[in-house]
Amino acid sequence: MADNNPSEPHPGNQFDVVVIGGGIMGAGVVQAAQAAGYHCLVLEKNSWGSGTSSKSSKLIHGGLRYLQSWEFSLVRESLRERTRLLSLAPQLVYGNWFYIPLYEGSRLRSWQLRAGLTLYWLLSGCRTDARFNVVPPAEWPELAGLKTTGLKKVYRYRDAQTDDAKLTSAVIQSAESLGAEVGSPAEVIAAESTPEGYRVLMKTASRERAVHCRFLVNAAGPWANQMARRITPEPGHLDMDLVQGTHLLLDRKISDRCFYLESPSDGRAVFVLPWYNTTLLGTTETGFDGDPDQVLPTAAERDYLLGILKHYFPDYDGRVCGEMAGLRVLPKAAEGFHHRSREVEFVENSHYLAIYGGKLTGYRATAEKVLKRIQKKLGPASAGRRGDTRRLPLPPAKEQS
């Protein structure tokens, strides 16, 4: 059959690595493995980044709040990746100021926030552009209508934003330019272990097709355990919780700057962010036990987010013009979602590896860890290295049709 659709895989059916899932993690893995010289195929059942990777808070950041749970290595890694992405993808990742107001009743104390921001700066490598400062009270009236009653102090620091869907698409484009085969939409029906690796049966709009690989990567995110059940013999899996995060879009931009707010009801961090000509408000943390294909914002989440917005911006009169809900993967535990580690976890056996969790910011570093495991199993790639993702600029993302 002629390869008339560039999003369908090439007719060849022998690959070193097949990656299931075209979110940011799968995109990062196929880019890294292809750059290292392996012949790769990535399969996505919908469009690139259509799941969690297009429903995030659109932030490239170190994770300031993770310092509260002592995740110093995760924050350091994320800050390093933030710096790298600002350089490699300036058309997709851009810095912005983030404002944190502290009030008389705030749970977080000024000295704690100052200590955290100082540590954040130190973990960034003491970069000049990563410094923070205190906003003088004379400038408070300029903070886009932020409530000043009971306001004690406002801190300001730098982090970065992105268009998560375009970033994912750009990483896929980079992998494709290095020679990777890409399939979207292309659903994996089943996979079976063979002496050489795996036989993967996939379906596109036009046909079913079997491909063979020496190593299989399950990067299906919230669908990872569903995908594991399609593999024979079924590989190990991680007991996980799915956590729904909802964002609202409001039809009037509050500010070109970002606000990092403390929920007055439970102390969670909620962001108010500029998003093109709108305001992005989020996110929530709601346990989810349904079908990941059916995730939708709830009325309780809308009320929660709008209540926070009204608390801090009482005169804002914008209206909800859109909403989205995505799912985060967290290891199952008794403690609340807010305090669980965001470190990525892997489940692997002979020629298989599944990725659980991880942050948008750290996708490249996660892919590098996966690549090391692939290299340990397969040995050096016969084609030789084609590039290094630490220095490989990302192209401007093409609009998806």
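**Exercise 1. Establish which residues Val217 contacts beyond its neighbours within four places in sequence.**

*Solution.* Once those neighbours are set aside, Val217 is in contact with Val17, Val18, Val19, Ile20, Val29, Leu353, Ile355, Val370 and Ile374. The structure examined here and in the following exercises is a predicted model.

The next step places Val217 in its surroundings. The largest nonpolar core holds 44 residues, and Val217 is one of those that touch the most other members, together with Val17, Tyr38 and Ile355. Two or more residues of this core come from each of E1, H1, E2, H4, E10, E19 and H7. The largest share, 7 residues, is given by H1. Apart from this core lies another, of 32 residues, among them Ile20, Trp223, Phe288 and Val329. As a general point, nonpolar side chains in soluble globular proteins tend to be buried together.

**Exercise 2. Describe helix H1 by its span, its burial and its covering elements.**

*Solution.* Begin with the span. Helix H1 covers residues 24-35, which is 12 residues, and reaches 16 Å from its first C-alpha to its last. This is close to the 16 Å expected at 1.5 Å a residue.

Next, consider burial. Of the 12 residues of H1, 12 are buried; Gln31 and Gln34 are included, as are Val29 and Val30.

Then identify the cover. The elements over the buried residues of H1 include the strands E1 (14-20), E2 (40-43), E10 (208-218) and E19 (352-356), as well as the helices H4 (164-177) and H7 (363-378).

Finally, inspect what follows the helix. After H1 comes Gly37, with a positive phi near 110 degrees.

**Exercise 3. Determine whether Gly21 is buried or exposed, and what it touches.**

*Solution.* Gly21 is located in the loop between E1 and H1. Its relative accessibility is 9%, and a residue under 20% is classed as buried, so Gly21 is buried. Not counting residues up to four places away in sequence, Gly21 touches Gly26, Ala27, Val42, Leu43, Glu44 and Ala219.

**Exercise 4. Classify the aromatic pair formed by Phe132 and Tyr155.**

*Solution.* A search of the whole structure gives 11 aromatic pairs. In the pair of Phe132 and Tyr155, the centres are 6.4 Å apart and the planes stand at 45 degrees. That angle is neither under 30 nor over 60 degrees, so the pair is tilted.

The location of each ring comes next. Phe132 lies in the loop between helix H3 (110-123) and strand E5 (133-134), and Tyr155 in strand E6 (residues 151-162), so the pair ties together parts 23 residues apart in sequence. Tyr155 is buried, with a relative accessible area of 0%.

**Exercise 5. Compare the settings of two salt bridges, Glu81 with Arg84 and Glu285 with Arg342.**

*Solution.* The structure has 21 salt bridges in total. Glu81 and Arg84 meet at 2.8 Å, N to O. These two residues are 3 apart in helix H2 (residues 72-88), which means that about one helical turn separates them. Glu81 is buried, at 0% relative accessibility.

The side chains of Glu285 and Arg342 meet at 2.7 Å, N to O. Glu285 lies in the loop between strand E15 (278-282) and strand E16 (286-288), and Arg342 in the loop between strand E17 (320-331) and strand E18 (345-349), so this pair ties together parts 57 residues apart in sequence. Both Glu285 and Arg342 are buried. They also belong to a network of salt bridges that links them with Arg65, Arg268 and Arg328.

Methods
Residues are numbered from 1 along each chain as its sequence is written. This is a predicted model: local features need pLDDT of at least 70, side-chain atom pairs count only at pLDDT 80 or more; totals for chains, interfaces and linings use all residues. Side-chain values use heavy atoms; hydrogens and water are left out. Rings of Phe, Tyr and Trp (its six-membered ring) pair if their centres lie within 6.5 Å; planes under 30 degrees apart count as stacked, over 60 as edge-to-face and the rest as tilted. Helices (H or I, at least four residues) and strands (E, at least two) are DSSP runs, numbered from the N terminus. Buried means under 20% relative accessible area, exposed over 50%, partly exposed in between (1.4 Å probe, protein chains only). The expected span of a helix is 1.5 Å times one less than its number of residues. Contact means heavy atoms within 4.5 Å. A nonpolar core is a set of buried Ala, Val, Leu, Ile, Met, Phe, Trp, Tyr and Cys residues joined through side-chain atoms within 4.5 Å. A salt bridge is a side-chain nitrogen of Lys or Arg within 4 Å of a carboxyl oxygen of Asp or Glu.
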